[in-house]
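Open the model in your viewer, show the side chains as sticks, and keep the selection tool at hand for a short tour of charged pairs.

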Amino acid sequence: MTTYGSEVQINMVVWITSLNESEYGTTRYLLEDLEPYFKSKNVGFLEFQPKSADDLMVFFDVLAEKAEEGLRPIIHIDTHGSPNGLIVEPTGETASWEEIVEKFRILNTAAKNNVCMISMACFGFNQIMPVKIMSPTPFYLMAGSTEEVYVRFIREVTVDFYKHVFDECDIVGAYETYLRPQLRVLHCEKVLFTAMAGYVRAGTYGALGPIDIQDSQIA
């Protein structure tokens, strides 16, 4: 299995989409290019359209089971989002960021810290604040926005981003080239380094409680 970046392994792109038919044109446009490209690179591809918030949560459980068998995914979120969570189009329900993060902790643990998330949902970065250093990380790398994400940006960068990931075997470089600064990134190795530095300082200056991830630790 190929390594993309310093440690992460990827063998499938899981594309979760929940849009109405009038909005699906952008997704169709992107996948007409990306699906044959993934096939040419021997990268698995799966598109999933949840029917409800519960359906989405069950799907994350299925992914965790597959991760025990070797799945190492980039999970691409192609839905609407709000400050409170992902919006599932067929029902209008909101899957809360808290629920999603807990599912990803289980999934990423099963995948041995090889889960990446690219969220094109509005407010997708809200789900990671705060992350506690004492809890299992929900992703190796997560990119998302603290505000609205516009269709023009998605159409302009998505195909080139994925081609950079798999042509150059470099997901961090792909983020830096195509997604920054519109999307922010949480990289578990950077978080761990910063948090451990905090614990070293705490050993020098006194006891320190659980460390939250602050803006200075996030690109």
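A salt bridge here is a side-chain nitrogen of Lys or Arg within 4 Å of a carboxyl oxygen of Asp or Glu. By that criterion, a search of the whole structure, which is a predicted model, finds 7 salt bridges. Side chains of opposite charge can pair when their charged atoms come close. The stops below visit some of these pairs.

Begin by selecting E21 and R28, whose side chains meet in a salt bridge with an N to O distance of 3.1 Å. Switch on a surface and consider each partner in turn: E21 has a relative accessibility of 58% and therefore counts as exposed, because that value is over 50%, whereas R28, with a relative accessible area of 35%, is partly exposed.

Next, select K103 together with D61, which form a salt bridge in which the closest N and O atoms are 2.9 Å apart. Colouring by secondary structure helps at this stop, since the pair links distant parts of the chain: K103 belongs to helix 3 (residues 97–110) and D61 to helix 2 (residues 53–68), and the two residues are 42 residues apart. On the surface, D61 counts as partly exposed, at 32% relative accessibility.

Finally, move to E176 and R180, another salt-bridged pair, for which the closest N and O atoms lie 3.7 Å apart. How exposed is E176? Its relative accessibility is 40%, so E176 counts as partly exposed, and R180, at 39%, likewise counts as partly exposed.

Technical notes: Residues numbered from 1 in each chain as written. Predicted model: local features only at pLDDT ≥ 70, side-chain atom pairs only at ≥ 80, totals over all residues. Heavy atoms only, no water. Buried < 20%, exposed > 50% of the residue type's maximum accessible area, 1.4 Å probe, protein only. Helix = DSSP H or I, 4+ residues; strand = E, 2+ residues; numbered from the N terminus.
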